[in-house]
Every structure is written in C-alpha cells, then in structure tokens.
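This report describes selected features of one molecular structure, with the terms explained as they come up. Please keep the sequence and the 3D view at hand while reading.

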Amino acid sequence: MGENKPSKLGICKFLRARNPYGMMEGGDQPWLLLDDANTICWCISSAGGAGPDSGLVSPMNCTKGRSCYVPADADDL
Amino acid sequence: MDTRKEKFPYGIPGHNLSEIEREIPIEEPPVWPINDKLKIIGKRVNRIDAVDKVTGKAKYTSDMKLPGMLYAKMLRSKVPHAAIKSIDISEAKSLAGVHAIYLIENTQKEGEEKNNGKFPMVKYVGQPLGGVAADSLEIAKDAISLIKVNYEEKPFVIDLEAAMEMDAPIVFDVPITRQADGGDVGEVHDGSKGQGNVRGPSTSSFFGGPRGDLEQGFNEADIIVEKTYRTQVQTHMPLETHGVVVDWRPDMMMVYASTQNTNAVRNEMASIFGLPKSKVRVVCDFMGGGFGAKHSAGSFGPMAANLSKKTGRPVWLMMDRQEEHIAEGNRPNSIQYLKIGAKKNGTLTAIQQRSHGTAGVGLGAGVGRIAQVLYPCPNFATEQYDVLTNAGPGAAWRAPGNVQGAFGLEQAIDEMAEKLNMDPLKYRDLIDKSEVRKIERQRGAKLFNWSRRQPAGSGKGLVKKGLGVGQSTWPRFVTLDSSVEVKIHNDGGVEIRSSVQDIGTGTKTILAQVVAEELGLQVNDITVNIGDTFFPVGPGSGGSVVTGSITPPTRNAAFEAKTALLKLVAKKWETDSSELFIENGQVGSKKDANLKMPFKEATKLMRTSQISKIASRSDDYGGFQQPWGLAYGDLGSVQFAEVSVNTDTGFVKVDKIVAAHSCGRPLNIGQLESQINGGVIQGISYALYENRIMDTGTGHMMNANVDQYKVPYSMEIPEIETLIVEEYSALSSTDAYGIGEPANIATAAAVANAVYNAIGVRLHEIPITPSSILKALNKVS
C-alpha cells in the first residue's frame, strides 16, 4: 500500500478497486486499493480495466487532468 | 464512557480455553458461552431454503420472467487489439424481433482536446462493444452475427513471458523504458510512471513492508532453498453465470442481479446513470455461486440498463459459458521466485519473493501476502509485478493471490524440511507460531494418520501413494458498513432484513440461527428477507467477511428487539425486564418460575404493529489492527492430501483430503463442512485440471467451454473429512468468522507435496497433468 494515499477529491468518481476482501463498496473510498498487488482496478464508466480514453485504470492514473476524469461529488460516494 | 466489563470465553476448547475480560459498549448483548452450551448456534441446522432449492421453487436471476421482457446478447470483440474504424448495424437493426441496439461509444466532454475516437480501443478478445435486445435470445444472437465491425488491427501479446520482453507489443500505448534485467522498472505499481507492459513492484501491504536485511539473513543461513514456481490462469466457473435483468421504470431502476454484492451493484448503477441511490433497487434472492468476480455490475449491468432505457421494457442479459470464461474475470497466473534461508536447527533467517503475473488488461496479479505472514521470519522482502497482456481481465478469485502464493511457499517449506531431514509437519510445528494451526496439525494428523507417510518416492509398484500437507492463513476482515433490521411483528412473526446476499453458502440460515438463539425461538420461526437494497446495507460476499461482519449486528438488533418486547411483558407483570428471559418460545422470569407467557402472546402487548430495531457492525471489542476493519487473529487451516500416481499413465488421483480449519465460533457445522468441501474441490481442480489455454496467434481462448476447460467430475472428487477447531477470541457479540477463502488456499500445495511424496520428483508448476508427471519421470520428452 502506497505511503501517499490519493485524496478522495482527486479521484475519478468512476474508479472502483476490486480488492480481494469484499470491501470495494460501502465506505467513502471505493477506489481504495488496500492491497495493491492483488486489487483489480475497474472503471465503471468504460466497464473495464481500461478507461474511456483507453488508458490504464488506477488511483494514480484516474485523476484530474486525464481526459475522461469526472470529479466525485462529496455526496455521490 | 458507557461501557461495562464482561468475561468472555477465550482460546480453544480441549486445549487452552480460558476467560478474558473485555470492556464492551453498554448496549452490546451479554456474552454467549461456548457452543456446547448454546441450543442452535454451532449445531448442524438444515438450510432454511433447502426445500425451495431442491424442488425448483427457488428462482434465480436467470429464471426471471417479467411481462414484456426482452432478451439481450452482447457484441464482443473478435480480435485482441485494434482500433474500431466503424460498426455497421444496418442488417441487425432490420431483423424482425430486434428492438434495440446499443453500441459502446466514447463520449467527448465539453472542451476536451483529446479525441479518443468514436469507439473504445479493443484490448482483448471478448471485450464488450455493444448489445442487442430482442424478442428472444435466438433473435438477439442472430442480430449480433449480422453486425459488422471494421477493425484496424494492432500487434498484441498474450503470453506472460512474451509480454515482458523488450520488444513486446504494448498493451497500453506508452513507451517502453525498462531495465533489461528482468522487468524491474522500479516504479510505482499502479503504472503512473511504469512503462512497457510491466508494472511494479508492489513491496508492501497492510501487513507492512520489507523486514530486516535479506542479505544478512541469507548470510546467516546454513541451508537455502531457491526455486521458481508457476501457476496457471483459472477462470470463473460458477453454476450460474454473471447476469442481470434490468427493468428501468420511470420512477425506479429495478435490477435483478446474480451478484455477490447488491449494494455495490446499486451504487455503481446509480453512479453510472446519475441516479440517486434511492432510485435504484437491486435484488438477489437466490444466487448460483460466485467466487469473487460477481461484486459489480460489470459491463452487462449498464448494457442491460441502456437497452431497457431505450426500449422501455425489462431486459434479460445473462452471460453464456464462453463469455464467462473470456470476459468475466479470472485468477491471474504467476511465475514466483522464492528463496528461503534457514539455520541447521530450522529457524528461518530470510524469505525473498519475486513474482510476475498477468491479469490481462488489468492490474492485481500479485501472489498475496502468505509468504509475508504465515511464518515469522526476521528478514523478508517481496516484489510483485503485474504484466499487462491482451487477454480478459482478472478479478478477485477466492483468496486472491494467496492460492498462488501458498502453492509456492508451501512447497518451498517442504523442500526446506527435506533438506533439514525433518518431517514436514514437525518442521511446521517448529516455525509456525499459530496456536490454532498447531491444534489443527495435531488433530488433523491423527485423523489423517500422518504417521504412515513414507520417504518420497519409496513406494513400490506402478501406482505410488503419497501424502502431503499444506497450510494457509487468511486475515479476519470486517466490513463496517454492515447493517441489519430485526422486526418482531405483533402476530409473533420475526423477520430479518438486510441487503446482504446469500450466494449459496447459507447466509440466510446462519442469520436465522443467530436470531433464534437470541430470542429463544426455533430457526423456522424466523423469516429471512435479504438480498434487497431496500433493506439496510449489508456487506459484499467476498474475502470471507460476511459472517464476521453481519452476524454481530444481527444478534445485537435481535437483542434490542427482545429487550423492547420484554419491557412490555415486565410492565404487565409489574416486574423488572432485566429479570425476564425467553426460552423455548416462552417468556419467563428468573424470580418467579410460575410466570410464563408464550412469545406470540407477548407480541400482542405491542401498541404498534411491530418492534423494529436496526443495528450496525460495531468495532471489535478491543479494536482492530487497522481501523477500516482488519481484525486481530487470522483464519488458519491445515490440509492433508493423499494421492495415487500412476507412473505409467501419469494419472493423479486424489484419494483423500483432511481439512482442518478454524473460523472463530462455528455457527453451523453442516454449512461449514459444505463450504470446506467446495473449497477443497476447487483446490484440487486448480492443482490438477483447470487451465485457460490461449492461442497466442489469435488471442482467443481455446477451451472456453465446460468440455475442454476441465473441472473434476464426481469420480475425481476424493473423500473429504473436515475438522473444525473452535476458537474463541472475544472480539464481537458472535465471535464468528467466515470460511470461504481459507477452504481453498492450501489444497493445491498439499496435493503438490503429496505428488512429490509419491514419485520423488517435485513438480513446480500447476496444473499437474499426466503429461507433466511423465515428463518429470523422464518417460516422455
């Protein structure tokens, strides 16, 4: 797990971390990897491991500045 | 603080059972004694839905039939890497019975500079491109066959090792700049700086990062085991495939889903379509199994919703078996390098692990944390790399990473034991500090009769017998967003409500057991209504979290409801409610044995039609290792395997498995046995049969069916004996945990160790096939 966790506000609202522990939903950080080596990152907008821009999906990549980035509203999570 | 102190059972009955005092929130129910003093918990209670299941009354998502419902099929890529120049739907559109065609297209945002093209880039065979809704599934299939996709094909790579090469086609189009020493780009795992197809390494987890000094650890070692192990890609094979029925009405999107997580599907659909969560309802009443890949709406959920929106009619969209294999998730493969050092007395001095695996177009192909935590070792480091390939995406798959990791680690530990001239079980006694696994080894070895094990390869005759052992650990995870409602109706009925789903493991039954035990009723007095997002949010069924997450609030809600009911009785009897109890369906008084009232009669004292209490998962007594829900302790297992290997044909038959497990307080012995049986069978299947075969020339999976993608049939399933060790940790009001993951982790390693014991030659790769056995025996080239 990275030392510098991405902040909630900077992560695309469509990113989901499918971690091994059944906890990818429910909290306010559905993109939280918990264990990066064993977590599948998924874009629910493109429904895949590649984003709408065909780039790789991950918390470090799915951030502001990426063409397909959509900010999360605080009450959307 | 509103707390009180209580003494809880602590430890393992028959071994070290004692008591421990915990300070717990005042609203928590009184401590339960150990299972032999309870009436329903820990007993072999039949599933409450067993009759519905065996009579066909149970309706699964694929059984859904709604008025006006259309049937959908997805359009999928037939090439592994391409840009789509155009898609011609004219013929399909004009086919009689076709109601809607939806193509997945890129949406250009306002002011966006980059043009990603009209259609998404294709990155694997089977990637969804669109869907058709029609009057029948046959018409939908015909329509799909009439759609013409014009591809601009690009170079692709399928094979794990080929993808690591310097000149490999790039899956995600970023330049290759990689060290030429085997793939270490030395960048962050998630690819923000990594280039080429290799991403990584991941070196740490919530268990921490590297420990000590590897070099010093190996210098201190007298013996070193250094090997590379390989595991294959395993696809998902639940009886019921992925799928949904979506009925998008003007006021509500209704989703019937075969899912491990109704709440996640609801949240995803709400996010994707910009709906309030309250306008999406997801229902999963009966579910035909899921092993990790069914936590989401996938691509089929939004597709069915778009088609339903377009047509104004309900849309049925279930995957067929081929789609399930190629696009709905898999367990990534692995190449694992392991180096283990130990002193002459067996003390571990260093463990080094490096792995590469591919989850196709996704990340997450690590080998778990088992090497990090199973055996204490002062010097440890892991590097786990993802390698991107043009293949279907991986997904969580029953103990992700750890099954692969256990296969390597537990063989390496056996190899170390052999070099130390020690029995592998005794060696684990030396290096494993887990008290519960120690008891599992003792009791399991006795049941299995481990003492009959002979030196490797010493058997006579054509068919050689072998015995092996493998161990596992799995963290105790708790989903804190787990809530449940318990209602006592004024006609005596009791109802449980939660969005938690029963994926076939028996969640409904254990919830009924918990409430029945708390209310002094029978299991069949309890109605369980779960798997519906209109009810309080429950956990997803993954990571073995359900039992530990949802049974404590279930008991707590039942306790609160009972307390409210007893207050009404106390008022009538003019006594204190704390003196009252419910037992065998009767309210009674500790002070006056003559005071009795049937439960049903007591419920008539309500002024309202019901007592309703909602409880949510509270923190563990004593807190967590990590505040997000990593509990103290683990879920350990020791599995023993007996195999017969025909050295002439190479055929391996697993004759017997003894599976010794712990899961805190066992709630339902029969259901636990059933889940362990399933985990063991999957483990055998992983060790000997399952294997995704890809055509590296076309990118297609060659065995995407249930004929050539082998799973064991009944004659290949061995005798399985389970041994469940009760372990009390005093962490919650039920102190119970799941068994889904642990049941599956150690089996392949135990089988591989048994095969070695049989033939005296170690196979470092699974699946172990007749071909690999004969090659190992130098009988074929």
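Pro767(B) is found in the loop between helix H18 (747-759) and helix H19 (770-776) of chain B. Helices here are DSSP runs of H or I with at least four residues, strands are runs of E with at least two, and both are numbered from the N terminus. A cis peptide bond links Ile766(B) to Pro767(B), with omega at about 5°. The model is predicted: local features need pLDDT of at least 70, side-chain atom pairs count only at pLDDT 80 or more, and totals for chains, interfaces and linings use all residues. Residues are numbered from 1 along each chain as its sequence is written, while chains are lettered from A and ligands numbered from 1 in the order in which they are written.

Another cis peptide bond runs from Gly200(B) to Pro201(B), with omega near 0°. Pro201(B) belongs to strand S8 (residues 198-202) of chain B.

Most residues other than glycine have a negative phi, and most peptide bonds are trans. The table lists residues with a positive phi.

| Residue | Phi | Place |
|---|---|---|
| Asn449(B) | about 60° | just after H12(B) |
| Asn584(B) | near 50° | loop between strand S24 (580-583) and strand S25 (586-589) of chain B |
| Asn778(B) | about 60° | segment after H19 of chain B |

Is Asn584(B) buried or exposed? A residue is buried if 20 or more other C-beta atoms lie within 10 Å of its own, exposed if 12 or fewer, and partly exposed in between, with C-beta atoms placed from the backbone. Asn584(B) has 11 other C-beta atoms within 10 Å, so it is exposed. Asn778(B) also counts as exposed, because it has 8 C-beta neighbours inside 10 Å.

Helix H12 (residues 435-448) of chain B has 14 residues and should span 20 Å at 1.5 Å a residue; its end C-alpha atoms are 20 Å apart, which agrees. The expected span is 1.5 Å times one less than the number of residues. Among the buried residues of H12(B) are Val436(B), Ile439(B), Ala445(B) and Phe448(B). The cover over the buried residues of H12(B) includes helix H11 (424-431) and strand S19 (463-472) of chain B.

The contact between the chains takes 55 residues from chain B and 41 residues from chain A. Two residues are in contact if their C-beta atoms, placed from the backbone, lie within 7 Å. On the side of chain B that touches chain A, the largest share, six residues, comes from helix H6 (residues 262-273) of chain B.
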